[in-house]
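Work through the following exercises with the sequence and the coordinates at hand, and try each task before reading its solution.

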Amino acid sequence: MKIRYIISAFAIALMSSACSDFLDTSLDRNQTEETIATNRGTIWAFGNAFYSPLGYGYSVIDNNIFATASDEAQQTLASSNVSYFNKGMINENVNPLFTYYRNYYEGIRAANFFLDYVADGKGEALLAENRNLVTDATNYKRDLESLAWYKAEAHVAKAYYYAELIKMYGGVPIIESAVDNGEMVKRASYEEVVEYIVKEIDDHKSALALNWNDYLDREGRFTLGAALAIKARVLLYAASPLHNESNDPAKWERAAAAANELLSNTDLNYSLASDYGSYFIGGAPLSSSETIYAIRSYSANTMEANNYPIATQGGKSGATPTHNLVSAYEYIGTPDPTDPYVNRDPRLAASIVTNGSTWNGRVIDQSAGGSDDMARTNASRTGYYLKKFLTDGLNLTQGQTAQHNWVAYRWAEVLLNYAEAMNEAFGPDAVPSGYAMSARQALQQVRDRASVNLPAVTAADKDSFREAVKHERRIELAFEDHRYWDLLRWKDAMEVLNRPVLGVKIARNGEEWSYEVTEVATRTFHERNYYLPFLRSEIENSNNTLEQNPQY
């Protein structure tokens, strides 16, 4: 891979950003080399720029969530980019996610540039220029404090981008420079990048802010909690079967310790939100103790327009949940033969619009002749619609909008990461000295928040408890861009992503509905798809220094 970075500071590529409503990630196009050298405000511009490429999970593919690449959802659109994943057609010429490869390296470059720009005391010197350090002492002290945070955040940003890259591609080039010196950089191994990520976080975590309670204008920037959450997820992935073929217990112990570092830090004050369903709606994540890091955006109605039922004016159906997922929600009472959606885990009703439920101001009736007749063009073929993340009842024709803040890391995921790693390292119930709780206790916290009436998890050994953890991740983290990558890291994708997508065909007789499970679509996943391919053009640009993933 060739380092294709721009030397001139004022020529940094300007990109729109999901978080631009909260962080000004743009740079002044009228800057010159001379004004950059004397304008301390440029420090903050460069210190914001490395946030620009953060991944906004509501627009990963087809301007929608990535759930349609897994067994969670089926894309309603007849023509879609996700079909390349669904049909196993990803190749060196077609990879709809490759834009993220380039964007994330742009983020790495921006972080490197900022660190170079303020290195060796240059940042502190620039902050002191053209100001009275006596009369402006308070603001100067604040600026020095902010600069120290920004430096640490730049290292965390690099860790974040590399974590996303290795999730998709395995080993990737590690770039340390912010300028183009013509060097060709080979891929580092997956393990080498993992160690780089961990070092970036461990070396700089002490300089990160705990929170932004006293600096509300800094909201949206990385904190200590975010850095530790990134490390915990990376080490969990590194311990998983895809990257740990020998099932080395030391890797699981390291992953458990990383999650425990976050769980045991009493200064961070994270906890589960009281209500699962409302947590994801509008601005709720921004004030919730469950949120570790959220990627913010302007208010909009794109998610509603893309995923409201086609019968709602302006709706396009979009990512429709599968019966594969719906059938996994547990019963908390006696099943009702006339209504398969009652007495179920409450997360079902919070996440998915089922037939007979009320949504968009009406009772959803997908039977022949009903308001949401499945025979309508672009109606859901699965018999379900997405509910999670969406504000109910927006008037799309009048342009009504709502907030959509992508929660990249939250407390429930950390508990599940911990439960998985602890089980693999020590078993379901062991609590070694220094650890916060057992794997079972962590899992139970997540389940109890959903409903204390959920069936008890009775799994007594590692193997059966592992299945309980996999189930809980599937339900708790549904549609949050975990399922596809979980199936890959567990090496379950060859089995699960070659199964057909199921839905229900709905009929009505008087006041009663009946449901017939049907096959909606086939799916294909090849062994090579455990890693994404680099585009041929990228390999050619590197003079073949960038080695392609196997079988592409």
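**Exercise 1.** In which sense do strand β2 and β8 pair, and over how many bridges?

*Solution.* The model is a predicted one. Begin with strand β2, which covers residues 291-295, and follow its pairing with β8, which runs in the antiparallel sense over four bridges. Then take a single partnership from this pairing: I295 has W406 in β8 as its bridge partner. Finally, consider the surroundings of β8, residues 406-410, where five of the five residues are buried, so that the strand is largely enclosed by the rest of the structure.

**Exercise 2.** Determine which residues of helix α2 are buried, and state what follows for the helix.

*Solution.* Apply the cut-off first: a residue counts as buried when its relative accessible area is under 20%. By this criterion the buried residues of α2 are T42, I43, W44, A45, F46, G47, N48 and A49. These are eight of the nine residues in the helix, which spans residues 41-49, and α2 is therefore largely enclosed by the rest of the structure.

**Exercise 3.** Describe the protein chain as a whole, from its elements to its charges.

*Solution.* Start from the inventory, which comprises 20 helices and 10 strands. The radius of gyration is 24 Å, close to the 24 Å that the globule rule gives for 552 residues, so the chain is as compact as a globular protein of that length. Turn next to burial, where 58% of the 552 residues count as buried. Last, set the 51 positive side chains beside the 70 negative ones, and note that the centres of the two sets lie 2 Å apart.

Technical notes: Residues are numbered from 1 along each chain as its sequence is written. This is a predicted model: local features need pLDDT of at least 70, side-chain atom pairs count only at pLDDT 80 or more; totals for chains, interfaces and linings use all residues. Side-chain values use heavy atoms; hydrogens and water are left out. Buried means under 20% relative accessible area, exposed over 50%, partly exposed in between (1.4 Å probe, protein chains only). Helices (H or I, at least four residues) and strands (E, at least two) are DSSP runs, numbered from the N terminus. The radius of gyration is taken over C-alpha atoms; the globule rule is 2.2 Å times the number of residues to the power 0.38. Lys and Arg count as positive and Asp and Glu as negative; His and the chain ends are not counted. The place of a charge is taken as NZ of Lys, CZ of Arg, CG of Asp or CD of Glu. Two strands pair if DSSP finds at least two bridges between them.
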